[in-house]
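Me: I'd like to learn how to read the sheets, cores and chain contact of a structure. Could you take me through this one?

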Amino acid sequence: MQGEGDVLAAARRCFAARPNVPPETILAGPLLDYVELFEGMSGFLQPLIWNANVRMLRVQSLMGDAAFCDCDVVTVGSYATAAGTRLRSVGRVTAPLVLERAHNEWRVVDYALNGRRVLRTIRLYDSGAAVHVGGGVTLQPRALELAT
Amino acid sequence: MLSMTNGTARELGIEQAAMQGKGRIGPWLRSREYAVFSGERWVSPGRTGTIAVIWSLGLPLTLRMLRAELRFRQLDPESLSTAELALPFSTAPEPTVAAYATL
């Protein structure tokens with residue numbers, strides 16, 4: 001399948017690189033917006049260890065600038081909070097792994113994490129969602145994620 | 001994740017964020033799930049801070065709208081205030097949050 005190698009390389013780069021590379025080099029779409037929100041947040045989690053075990057990865061279909069892959073990837077991450085607490089997360093990434101091509105570069109736009117499509121577990125809010133709660137305080141919801 | 005803009009003249013902190021849970025408190029068939037925070041929990045006057053609010057909900061999510069009860073503390077002089085924040089999760093007809101949770 002023409003271009004299959006580029007798709008697989010982009011997918012492997014995404015799994016191997018996170019969370020230590022600029023997200024715009026591996027992700028796109030709402031998933032990128034969501035990750036950038038958290039990476040721009042001071043005092044949040046600092047990554048310590050990241051490992052991705054790609055057990056299986058293959059292209060299912062490639063149509064124009066969209067590619068759909070089957071995969072089985074286990075990720076293990078270790079993080080530190082600003083208070084010094086260490087957190088460990090284990091995730092399993094499965095199909096559908098979706099990539100899109102823009103400017104001749106493939107980027108991951110969706111996948112299933114622990115059985116849930118990532119794009120269906122996040123919600124991004126625009127500035128219209130800001131709420132004045134009184135007393136000079138304004139709250140702006142930025143994003144919501146339903147996670148396991 | 002939410003941003004908090006402090007338009008007051010005093011330092012402001014988000015102290016508590018609760019969401020309705022599942023369980024029993026005395027005669028009431030419900031409980032509160034309290035959040036764990038990460039990020040800028042305290043914000044100086046005139047600044048905007050961003051904070052991650054994490055709930056562990058012991059119930060299947062069947063709602064399209066999550067509602068959080070927030071409690072703020074202002075310093076010097078100290079005072080408390082509360083607010084409710086509605087968090088619409090899904091605006092699409094299907095699937096609902098419940099469907100996501102059972103995938």
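Me: Let's start with the sheet that lies within chain A. In what order do its five strands come, and is the pairing parallel or antiparallel?
Reply: The general idea first: strands of a sheet pair through backbone hydrogen bonds, either parallel or antiparallel. In this predicted model, chain A has an open sheet with the order E1-E2-E3-E4-E5, paired in the antiparallel sense. Its edges are strand E1 (46-63) and strand E5 (116-117) of chain A, each of which pairs on one side only.

Me: Can we look inside that sheet? Over how many bridges do strands E2 and E3 of chain A pair?
Reply: Strand E2 (residues 66-80) and strand E3 (residues 86-102) of chain A are joined by 13 bridges and run antiparallel. For a register point to locate on screen, take A:Cys69, which stands opposite A:Leu97 in E3(A).

Me: Which strands does helix H1 of chain A lie across?
Reply: Helix H1 (residues 4-17) of chain A lies across E1, E2, E3 and strand E4 (105-113), and runs at about 160 degrees to E1(A). Take the angle with the N-to-C directions in mind.

Me: How does this fit into the chain as a whole? What is the order of elements in chain A?
Reply: Chain A has three helices and nine strands, and from the N terminus they run α-α-β-β-β-β-β-α-β-β-β-β. The C-alpha trace of chain A spans about 60 × 35 × 25 Å along its principal axes. Buried residues are 24% of the 148 residues in chain A.

Me: And what is the pattern of chain B?
Reply: Chain B reads β-β-β-β-β-β-β-β-α along the sequence, that is, one helix and eight strands. Of its 103 residues, 23% count as buried. Among contacts in chain B between residues at least 6 apart in sequence, 56% join residues at least 24 apart.

Me: Now for residues that come together in a core. Which ones touch the most other members of the largest nonpolar core?
Reply: As background, in soluble globular proteins, nonpolar side chains tend to be buried together. Here the largest nonpolar core has 25 residues, and A:Val7, A:Ala11, A:Leu99 and A:Val108 touch the most other members. H1, H2, E2, E3 and E4 of chain A each supply at least two residues of this core. Apart from it lies another core, of 16 residues, including A:Leu139, B:Ile51, B:Ala52 and B:Val53.

Me: Could you zoom in on A:Val7? What does A:Val7 touch?
Reply: Leaving out residues up to four places away in sequence, A:Val7 touches A:Val59, A:Leu62, A:Ala67, A:Cys69, A:Leu99 and A:Trp106. You have already met A:Cys69, opposite A:Leu97 in E3(A).

Me: For contrast, is A:Pro47 buried or exposed?
Reply: A:Pro47 is found in strand E1 of chain A. A residue counts as exposed if 12 or fewer other C-beta atoms lie within 10 Å of its own. A:Pro47 has 12 such atoms, so A:Pro47 is exposed.

Me: Let's turn to the sheet with strands from both chains. What is its order?
Reply: Five strands form an open sheet in the order E7(A)-E8(A)-E1(B)-E6(B)-E4(B), with antiparallel pairing. Strand E7 (131-134) of chain A and strand E4 (36-39) of chain B are at the edges with a single partner strand each, so one side of each has no neighbour in the sheet. On average, neighbouring strands of this sheet are turned by 30 degrees against each other, direction ignored.

Me: How are the strands joined across the chains, and how many bridges link E8(A) to strand E1 of chain B?
Reply: Five bridges join E8(A) to strand E1 (residues 2-6) of chain B, and the two run antiparallel. A:Gln140 has B:Ser3 in E1(B) as its bridge partner. Within chain A, E7(A) and E8(A) form a hairpin with two residues between them, and A:Gly135 in the turn has a positive phi of about 65 degrees. In chain B, E4(B) pairs with strand E6 (residues 48-54) over four bridges, where B:Phe37 stands opposite B:Val53.

Me: Last topic, the contact itself. How many residues does each chain bring?
Reply: The contact takes 27 residues from chain A and 25 residues from chain B. On the side of chain A that touches chain B, the largest share, five residues, comes from E8(A). That side divides into 13 nonpolar, 10 polar and four charged residues.

Key: Residues are numbered from 1 along each chain as its sequence is written. Chains are lettered from A and ligands numbered from 1 in the order in which they are written. This is a predicted model: local features need pLDDT of at least 70, side-chain atom pairs count only at pLDDT 80 or more; totals for chains, interfaces and linings use all residues. Two strands pair if DSSP finds at least two bridges between them. Two residues are in contact if their C-beta atoms, placed from the backbone, lie within 7 Å. Axes are lines fitted to C-alpha atoms, for helices over the stretch in contact, and angles run from 0 to 180 degrees between N-to-C directions. A residue is buried if 20 or more other C-beta atoms lie within 10 Å of its own, exposed if 12 or fewer, and partly exposed in between; C-beta atoms are placed from the backbone. Ala, Val, Leu, Ile, Met, Phe, Trp, Tyr, Cys and Pro count as nonpolar, Asp, Glu, Lys and Arg as charged, and the others, Gly among them, as polar. A nonpolar core is a set of buried Ala, Val, Leu, Ile, Met, Phe, Trp, Tyr and Cys residues joined through C-beta atoms within 7 Å.
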